[in-house]
Amino acid sequence: MKSSNPVLGRLVERSNQHASFQRAPVQQPYGTPGYGTTPDYAPGGPGGFAPSTTGRMTIDDVVVRTIGLLAIVGIVGAASWILVPANTIGMTVLWGAAGIGLVLGLVISFRAITNPIPIVAYAAVEGVLVGVISRVYEDLYAGIVLQAVAATFGIFFGMAALYKFRVIRATPTFVKWVIGALIGVIGLMILNFALAIFGVNDGAGLGLRAGATGDVGWLPIVFSLVCIGVASLTFILDFKAIEDGVNAGVAEKYAWYASFGILVGLIWLYFEILRFISYLRR
């Protein structure tokens with residue numbers, strides 16, 4: 001079974017190939033009892049071996065790890081909120097966390113890392129970013145953080161329900177459209193950031209983003225809504241990838257990678273909602 005997530009799909013194929021390799025009979029050299037057998041198979045099945053159900057990823061594995069990563073983000077975020085000063089040092093910490101988080105996220109994503117150490121490190125770095133940015137917005141718009149958190153998890157659980165009851169199905173066409181929209185949104189973000197650096201869209205009403213304060217035009221509001229929509233739909237791809245992985249019997253360690261994907265989506269969605277609510281509060 002192929003996953004809608006191309007990276008997790010490769011992991012599924014790799015796990016299946018590994019399982020097939022383990023099924024091959026291995027000669028026991030020197031008459032050593034049990035040498036060459038694998039722990040994944042036990043006597044009783046065809047050819048004397050039967051697949052074991054232990055050590056495979058389950059939905060519970062993903063849920064537990066996701067909750068753990070969110071707890072790390074929350075704890076580190078609360079500490080950053082309190083300890084990081086709201087001055088030049090704070091801005092340096094913010095940009096440093098953003099850069100480190102971006103590099104870690106890209107490495108984990110493209111190398112499909114399942115080691116919990118870099119994934120936990122990513123959660124901690126993102127916690128710093130979440131804490132500092134949340135305090136900035138909370139100082140400007142009282143109560144906005146609680147509103148953004150509630151909206152973020154409301155959308156997440158809503159998308160989970162829509163997927164569970166098959167209201168939204170991750171068909172190949174759906175996956176292509178969502179991935180295409182995601183690439184398009186990220187491309188526009190990069191372009192807008194580059195134009196802002198060179199001052200091309202300053203004061204011209206052409207920027208796709210507005211600052212934390214000041215007037216807001218219709219373009220940033222529309223773009224923020226589009227980002228929220230795309231970020232929400234990516235959860236459907238995550239749920240499909242996890243379901244495919246569980247059905248294919250991938251190793252338990254891949255639950256870390258699945259949890260990482262959900263965490264990335266939640267943090268992105270939270271920042272987009274935080275920004276959007278600030279637009280509406282002005």
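Two rings of Phe, Tyr or Trp count as a pair if their centres lie within 6.5 Å. Keep that in mind while looking at this structure, which is a predicted model.

**Rings inside**

There are nine aromatic pairs to find here. One of them joins F156 and F235, whose rings meet edge-to-face, with 85° between the planes and 5.1 Å from centre to centre. This pair ties together distant parts of the chain: F156 belongs to helix α5 (residues 144–164) and F235 to helix α7 (residues 218–248), and the two are 79 residues apart.

The same two rings also show up in a wider group, as ring pairs link F153, F156, F157, Y163, F235 and F239 into a cluster. One member of that cluster, Y163, has a charged neighbour too: R166 lies over the face of the Y163 ring, 4.8 Å from the ring centre.

**A greasy spot outside**

Now for the surface. M91, W95, F193, I197 and F198 make a nonpolar patch there of about 640 Å². Helices α3 (88–111) and α6 (172–197) are the elements that give two or more residues to this patch. I197 has its place in helix α6.

**Buried or exposed?**

Here is how three of the residues above compare with the cut-offs.

| Residue | Relative accessible area | Class |
|---|---|---|
| F156 | 12% | buried |
| F235 | 0% | buried |
| I197 | 55% | exposed |

Buried means under 20% relative accessible area, so F156, at 12%, counts as buried. F235, with 0%, is buried as well. I197 is exposed because its 55% is over the 50% cut-off.

Note on methods
Residues are numbered from 1 along each chain as its sequence is written. This is a predicted model: local features need pLDDT of at least 70, side-chain atom pairs count only at pLDDT 80 or more; totals for chains, interfaces and linings use all residues. Side-chain values use heavy atoms; hydrogens and water are left out. Patches are made of residues with over 30% relative accessible area and no salt bridge: like charges are joined within 9 Å, nonpolar side chains (Val, Leu, Ile, Met, Phe, Trp, Tyr) within 5 Å. Accessible areas come from the Shrake-Rupley method with a 1.4 Å probe; for residues, only the protein chains shown count as cover. A salt bridge is a side-chain nitrogen of Lys or Arg within 4 Å of a carboxyl oxygen of Asp or Glu. Helices (H or I, at least four residues) and strands (E, at least two) are DSSP runs, numbered from the N terminus. Buried means under 20% relative accessible area, exposed over 50%, partly exposed in between (1.4 Å probe, protein chains only). Rings of Phe, Tyr and Trp (its six-membered ring) pair if their centres lie within 6.5 Å; planes under 30 degrees apart count as stacked, over 60 as edge-to-face and the rest as tilted. A charge sits over a ring if NZ of Lys or CZ of Arg is within 6 Å of the ring centre and within 35 degrees of the ring normal.
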